[in-house]
Amino acid sequence: MKFRRKEIIEAVQWNGTNQNEVKALAAQFVMFDYADTNHDGKTFDPVLKVKTREKIIPAKIGDYVVRGKKGDFSLMAKKDFESIYEEAK
């Protein structure tokens, strides 16, 4: 038999440029730093960090910021998230 999770969650996928969308979901649970990822001294890309119950975790492009049932936040890798959840209609 096959089973689907019954819970509906709120989540947003981090694409490296959607700071406003992530802030709208997680507000005080997210932070942004800026890093010179091109090492050119001119281009600074946003680096997302998510505050969970235990620690602050840096996100990778493609990770999902997930609001849990109790209002807490976590970070899930794209492959893990997409293997568990499907978009609710």
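This report describes a three-stranded sheet, a helix lying across it and one pocket of a predicted model.

Residues are numbered from 1 along each chain as its sequence is written. Because the model is predicted, local features need pLDDT of at least 70 and side-chain atom pairs count only at pLDDT 80 or more, while totals for chains, interfaces and linings use all residues.

Three strands form an open, antiparallel sheet in the order 2-3-4, where strands are DSSP runs (E, at least two residues), helices are runs of H or I with at least four residues, and both are numbered from the N terminus; two strands pair if DSSP finds at least two bridges between them. Strand 2 and strand 4 stand at the edges with a single partner strand each, so one side of each is left without a neighbour in the sheet. Neighbouring strands are turned by 30 degrees against each other on average, direction ignored.

| Element | Residues |
|---|---|
| Strand 2 | 30–35 |
| Strand 3 | 45–51 |
| Strand 4 | 56–58 |
| Helix 1 | 19–26 |

Six bridges join strand 2 to strand 3, and Asp33 has Val47 of strand 3 as its bridge partner. Helix 1 lies across strand 2 and strand 3, running at about 155 degrees to strand 2 (axes are lines fitted to C-alpha atoms, for helices over the stretch in contact, with angles from 0 to 180 degrees between N-to-C directions; contact means heavy atoms within 4.5 Å).

The second largest pocket has a volume of about 180 Å³. Among its 14 lining residues, Val66, Gly68, Lys69, Asp72 and Ser74 are the closest to its centre, and strand 6 (residues 73–76) gives the largest share of the lining, three residues.

Notes. Side-chain values use heavy atoms; hydrogens and water are left out. On a 1 Å grid over the protein atoms alone, a cavity is a set of points where a 1.4 Å probe fits but cannot get out, and a pocket is an open set with protein on both sides within 12 Å along at least five of seven lines; lining residues have an atom within 4 Å of a point. Grid points are joined across faces, edges and corners, and a volume is the space filled by probe spheres set on the points.
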